[in-house]
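Student: I am new to this molecule and would like a guided tour. Please start with the terms I will need.

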Amino acid sequence: MASSVQSSCTFLLATNHRHSPPPSSARSLTPAGRHRRSHLCQISCKQQPPPPPSSEGKVDRRNMLLGLGGLYGAANLIPTNPESATASPIEPPEFKACGAARDVQTGDLLNINCCPPTSDKIVDFKLPPPPAKLRVRPPAHRVSKEYLAKFEEAIRRMKALDKSDPSDPRGFMQQANIHCAYCNGAHDQVGYKDLDLQVHNSWLFFPFHRWYLYFYERILGSLIDDPTFVLPFWNWDNPKGMQMPKIFDNSGSPLYDANRNQKNRPPAIIDLGFSGATDDLQVVVNNLTVMYSEMIRSVNSTLDFMGQPYKAGDAASPGMGSSERGSHVAAHVWVGDPRNKYSEDMGNFYSAGRDVLFYCHHANVDRMWSIWRTLKTDVPKDIKDPDYLNAAFLFYDENKQLVRVKVGDCLDHKKMGYEFEKVDTPWLNYKPTKKAAKAKILKIAADAKTVEALFPLNLKKITRVLVNKSAKGKADEVLVLENIETDSTKFIKFDVFVNDEDDGSVELDKAEYAGTFAQVPHKTKDKKAKSTISLRLTELYEDIDVADDDTVVVTLIPRSNGDDVTIGGIKIIASPPRSG
């Protein structure tokens, strides 16, 4: 087993398809100006097929903006420069136009209503001044008995609201359904009928979930009359926290959920790499490798980590960032119950919020964003695009008031009044050990085929492919796998290695490991999802010593449902700009 290496998680580079805006008469944000949705709400996140272009081939954002008004008009935009006149940030959804839930394959109505309560009053939320002493989110594996008692009581009272007043937006199921509605097609984009609003698989992922947890936390604190209450975080990036926290595994606790993978209850160690390793020590070092990769080694630009741009009129799911598609996906799939049709609860986005562990998991995802922003790397950490900063969502607060929030107001978690308890981050310096000897490229290449001979490739088995570099030797380059088409209803995963002499390795802590592709099972209208991923190779070249080689051998190892993956192409290109 090699000592340290890194895993590289991936991001999507799919082209953003923009829908043409409808006539101005159909774009009003007032409830009376909208028709109730009649199309189906999917069980799980879905991607839309590329929409047809407008006659001009693009959207006139100024005209669209002038037609909006209502809930979120031009006067509320952050920038005051002329660029704002053409801005098209994602608008908050219209709750009164929320759709019903059906199974997209059978069309049958499901016993699920993701839609939130409606309200005629919407308030622009303003963050209160941070308290003199910030609230501190603790790691779940070492909370005190006093804290656990408060946490359980808060969840118990939240669940009690489901019985006393099922329409109370603070109730447990109402809160869980927030995730379902924003992810599973219940909401249209404002001004674009039948174009889903989606908060995953783009640059909205981190800010949406930060706001979600912010109000969830405030509601829990209000229910127990404790404004200092905070959620714990599942510390899965540290070996001491890589088990499911034991506070969630007590069947007599309101934190318990029977809909979990029974094989992964404590003391099982979470496998963030889904490598198939059975040795606990190997799983731990693989996990550290995954973390170093998705946070540092494989990240070439701001959007590599944050996710791809997603603006009004864009088709849903333009592309995940490295953290979303890495440790985030892994924890969802690892916890979800395979005995259930859709791997409920954590294993499917529509039901994930029904497991209290989901919020603990996302507290650590939120922590990863806060840590990444402090890393001293050559990648800029801020997205300055006003369409990002002005994207907005709706949530109910602890007073049952419907509020509108903006992405630009949640970039600094400390201004939101909380921080995270300091714990070790062993992955931070978990660099792979450099290879002692240069790979025998001629020997490896003997079993490899050219790109032209293999692609498009159905990944039924381990495959080696000879790929030309953009420049000889240790160049600043990225590996691009294009048009990856998958069955979106299945858990898909494959790993990528460069100049690796081994086949089928379960060890990720090695210099040759370049990264991974993974997806949470979800449903789309045609069951097909297509994306492109990019992996930074600069540090990998240093670790494996490519000398003056002008080609490398890429090994693709299917880990789950390779038969349902077709890769359109593969290439190595010079590194794009670092900023978003």
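Tutor: Happy to help! A residue is called buried when its relative accessible area is under 20% and exposed when it is over 50%, with partly exposed in between (1.4 Å probe, protein chains only). This is a predicted model, in which local features need pLDDT of at least 70 and side-chain atom pairs count only at pLDDT 80 or more, while totals for chains, interfaces and linings use all residues. Residues are numbered from 1 along each chain as its sequence is written, and side-chain values use heavy atoms, with hydrogens and water left out.

Student: Let me try that out. Is Cys180 buried or exposed?

Tutor: Look at the relative accessible area of Cys180, which is 1%. The limit for the term is under 20%, so with its 1% Cys180 counts as buried.

Student: How many disulfides are found in the whole structure?

Tutor: A disulfide is a pair of cysteine sulfur atoms within 2.5 Å. Searching the whole structure for such pairs gives a total of two.

Student: What is the handedness of the disulfide of Cys98 and Cys115?

Tutor: The sulfur atoms of Cys98 and Cys115 are 2.0 Å apart, and they form a disulfide. Both of these cysteines are buried. The torsion about their S-S bond is about -85°, so this disulfide is left-handed.

Student: How far apart in sequence are the parts that the disulfide of Cys98 and Cys115 ties together?

Tutor: Helices (H or I, at least four residues) and strands (E, at least two) are DSSP runs, numbered from the N terminus. Cys98 and Cys115 form a disulfide. Each of the two lies in the loop between helix 1 (61-66) and strand 2 (122-124), so the parts that the pair ties together have a separation in sequence of 17 residues.

Student: And how many residues apart are Cys114 and Cys180?

Tutor: Cys114 counts as buried at 3% relative accessibility. It forms a disulfide with Cys180, and the sulfur atoms are 1.7 Å apart. Cys114 is in the loop between helix 1 and strand 2 and Cys180 in helix 3 (residues 172-183), so this link joins distant parts of the chain with a separation of 66 residues.

Student: What is the relative accessible area of Cys410?

Tutor: Compare two more cysteines here. Cys360 is buried, and its relative accessible area is 2%. Cys410 is buried too, with a value of 0%.

Student: Now the backbone. Which residue is joined to Phe455 by a cis peptide bond?

Tutor: Most peptide bonds are trans. A cis one runs from Glu344 to Asp345, with omega near 5°, and Asp345 is in the loop between helix 7 (322-335) and helix 8 (356-372). Another cis bond, with omega about 5°, starts at Phe455; its partner, in the loop between helix 11 (451-454) and strand 10 (457-458), is Pro456.

Student: What is the phi of Asn499?

Tutor: Most residues other than glycine have a negative phi. Asn499 lies in the loop between strand 13 (492-498) and strand 14 (513-519), and it is buried with a relative accessible area of 4%. Although Asn499 is not a glycine, its phi is positive, at about 55°.

Student: Where is Asn201 found?

Tutor: Asn201 has a positive phi as well, near 65°. This residue is buried, with 7% relative accessible area. Its place is the loop between strand 5 (192-196) and helix 4 (205-223).

Student: How many aromatic pairs are found in the whole structure?

Tutor: Rings of Phe, Tyr and Trp (its six-membered ring) pair if their centres lie within 6.5 Å; planes under 30 degrees apart count as stacked, over 60 as edge-to-face and the rest as tilted. By that rule, the search of the whole structure ends with a count of 36.

Student: What is the angle between the planes of Phe151 and Phe229?

Tutor: The whole structure has 36 aromatic pairs. One of them is the tilted pair of Phe151 and Phe229, 6.0 Å from centre to centre, with an angle between the planes of 40°.

Student: Which ring has Lys381 over it?

Tutor: A charge sits over a ring if NZ of Lys or CZ of Arg is within 6 Å of the ring centre and within 35 degrees of the ring normal. Lys159, for instance, lies over the face of Phe172, 4.9 Å from the ring centre. The charged end of Lys381 is 5.3 Å from the centre of its ring, which belongs to Trp372.
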